Amino acid sequence: MAGQRISADEALILFEEGDLLSLGQAANLIRNRMHPERIVTFVIDRNINYTNICKVGCRFCAFYRGENHPDGYVINREVLFAKIRETIDHGGTQLLMQGGLNPNLAFEDILNMVRDIKDNFDIHLHSFSPPEIVHFAEQANLTIRQTLLKLRAAGLDSLPGGGAEILVDRVRKYISPRKISWQQWMAVMEEAHKLGMKTTATMMFGSVETLADRVKHLVRVREQQDKTGGFTAFIPWSFQPKNTELGGTGTTGHDYLKTLAISRIVLDNVPNIQTSWVTQGAKMAQVSLWFGANDFGGTMLEENVVRAAGANFRVPIDEIIRCIKDAGYTPVQRRTDYSHVKRF
Amino acid sequence: MSGLFENSEIRDLIEKVRQGERLNRQDGIRLMQSNDLLALGYMANLVRERKNGNKAYFIVNRHINHTNICVNLCPLCAFGVDKDNPQAYTMSLEEIEAKALEVKDTGVSEIHIVGGLHPDLPYEYYLEMLRRVRDCLPDVHIQAFTAVEIDYLSQISEKSLEEVFRDLIDAGLGSLPGGGAEVFSPRVREKICEKKISGDRWLEVMETAHNMGLRTNATMLYGHIETIEERVDHLLRLRELQDKTGGFQSFIPLAFHPKNTRLEQPNATRTTGFEDLKVLAVSRLLLDNFDHIKAFWIMIGPKLAQVSLSFGVDDIDGTVIEEKITHAAGADTAQALSKDELVTMIKAAGRQPVERDTLYNVIREDF
């Protein structure tokens, strides 16, 4: 509370014994200390899932299709460009492109897609999570650094923090056995940060991990941030069980707010904490503004991955603005780098 | 914890609540205006734990909405229709009996019956409905008919409220739900439910019920056109009657759902999560003579209902079978939560689940 760093053991005690309102109070205090200007930011963006074909097949995922599945797709330029044009028409500044690890797409195809987008549009490319980067590197027989350099030269601006799930290999072996290890995930982020590219970090909780695993995840992000400082935001979101192999019930609203608050308390070196209206709905997302969140994330004009797993919350820009105002904050549209576009 | 609120705009009220002092109208307005959600939660939680400890109640019940035909057709409502509407329905006594029989020996402890004000159904239909449900399910409590329906029964039977209650109790009525209160302010009622009984009459029906030994609930429909002052005045009138009769069991704020209602356009929006938690917390604080504050999970969603257990709420209603009224207005919640789901949710919030009957007797608490 006095601004001292919380240890891993202390963080575990907060998870095990902290009551919701006290955690909220502490997280809110830290949030307001780090962001005293009484605003809540959001970015107008679009999620484009350029392919759903994935060789990894994680057990918590309802979006992927196998290589020869009839529903498998790779987006064509015409559709892609129409989506981007529409995004820009809606005031969008960011494109969040992510896709499955599709063995039929060569790295050169990806680079061409990035170049084509940048040749035709002025939009920030916040795309390709670490598992995709590692996949590209393997396909092209390049190092992570070389892969990132080529992507950056083609026009990639920053990396989203997806694919982190829980940064503990015991958990990953169970929920995503063929996905990259936590060290590989972090290695991609480290290389990106060293090249001056910003990234975010996520955590998908509420599947099979223990509270100690969550703490380990937070501490690993914090340690990396001490080293390279390139994480702009942390985004915890809860596992959505519907249509997944893992199944189960998913976590509760209480657990979400608690985890969000502890994230704010532990990650003293990450500037922004994003709420996840896609997984929690607008009501909970708004309430989370008292539990450490200072950013509403993206408007996500299109989101397919979480929706495939049963989350069905559609929150248009007007609704985001209303929620932020009603909570007593000024809504501010931001860019990916958190510079401001417009106050509402 | 309390030291954290030194800078709160409502720290004087926190002190008042800590001392157990009654809050006044001005205090209520300041609470409703405050953005300090965590301070409101802290205060409401103090009162909640003083009254109900760590318990969180729920009930296993079945809703029966016997007809959607209604002579009032209030602008706030998406459920009621005209008798010529293709969606109009009225259950026969046999259908109601069948619905009751479906839940025989399933652990349901309450049948909850409310419906529209039907132009033609005879008084006897209502009495016979209660008798049949009671005969099918002799151990099950029947909570039926809002104050609005009771007033209507008194009109169609040309009997006094006391006589109506006597008939209904004889037929099997156990208690009254709290619906139809909306917001008592005449200004508001004129716009959202102009044909509905007045706030004064609603309170009169409840007072009569209490005097005849019936327990009832109370509600407030918020999030439409009412002002903060009108909300506070509504709560204070309930508190006043409760001081007199002590007959209210729980207070249930109902979040307005605009979809499919005539209030839908142009400015009607759903309540926000902040508003929902604030109304629950302030209700807990102002209604110091009510034992229970209930969050109806159908209205605000299970996630927020669970969180509300830290904002003054001690009851999250039930595993509700077949709720039609809120769903007609666009509630996107499920039709029912299983008992296991409710218990898990309550435990995950660090509370002790207690399955109750309608009158808050404990059915089971060893979960």
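In chain A, strands β2 and β3 (residues 94–98) run parallel and are joined by 5 bridges. The model is predicted, so to speak plainly about cut-offs: local features need pLDDT of at least 70, side-chain atom pairs count only at pLDDT 80 or more, and totals for chains, interfaces and linings use all residues. Residues are numbered from 1 along each chain as its sequence is written, chains are lettered from A in the order in which they are written, and side-chain values use heavy atoms, with hydrogens and water left out.

**The β2-β3-β4 sheet**

- This is an open sheet of 3 strands in chain A, ordered β2-β3-β4 with parallel pairing; two strands pair if DSSP finds at least two bridges between them.
- Helices (H or I, at least four residues) and strands (E, at least two) are DSSP runs, numbered from the N terminus.
- At the edges sit β2 (45–49) and β4 (124–125) of chain A, each pairing on one side only.
- Looking across from β2 to β3, you'll find A:Asp45 opposite A:Gln94 in β3(A).
- Helix α3 (residues 77–89) of chain A packs on this sheet and touches β2 and β3 of chain A, contact being heavy atoms within 4.5 Å.
- The direction of α3 makes about 165 degrees with that of β2(A); axes are lines fitted to C-alpha atoms, for helices over the stretch in contact, and angles run from 0 to 180 degrees between N-to-C directions.

**The β5-β6-β7 sheet**

- Chain A has another open sheet of 3 strands, in the order β5-β6-β7 and with parallel pairing.
- Its edge strands are β5 (199–205) and β7 (272–273) of chain A, each paired on one side only.
- Between β5(A) and the parallel strand β6 (residues 231–238) of chain A there are 7 bridges, and A:Met204 stands opposite A:Trp237 in β6(A).
- Helix α8 (residues 182–194) of chain A packs on the sheet against β5 and β6 of chain A, at about 160 degrees to the direction of β5(A).
- Helix α10 (residues 253–266) of chain A packs there too, touching β5, β6 and β7 of chain A, and its direction makes about 140 degrees with that of β5(A).

**Where chain A meets chain B**

- On the chain A side 24 residues are in contact with 27 residues of chain B.
- About 2300 Å² is buried between the two chains, with carbon and sulfur atoms giving 65%; buried area is the accessible area (1.4 Å probe) that two parts lose on being put together, summed over both.
- A:Leu21, A:Gln25 and A:Lys283 supply 31% of what chain A buries against chain B, more than any other three residues.
- The count of salt bridges between chain A and chain B is 1: B:Asp276 pairs with A:Lys283, with the closest N and O atoms 2.4 Å apart.
- A salt bridge here is a side-chain nitrogen of Lys or Arg within 4 Å of a carboxyl oxygen of Asp or Glu.
- Helices α2 (20–34), α10, α11 (277–287) and α13 (317–326) of chain A each supply at least two residues of the side touching chain B.

**A salt bridge inside chain A**

- Over all chains the structure holds 45 salt bridges, including one between the side chains of A:Arg145 and A:Glu191 (3.8 Å, N to O).
- That pair links distant parts of the chain, 46 residues apart, with A:Arg145 in helix α6 (residues 144–154) and A:Glu191 in helix α8 of chain A.
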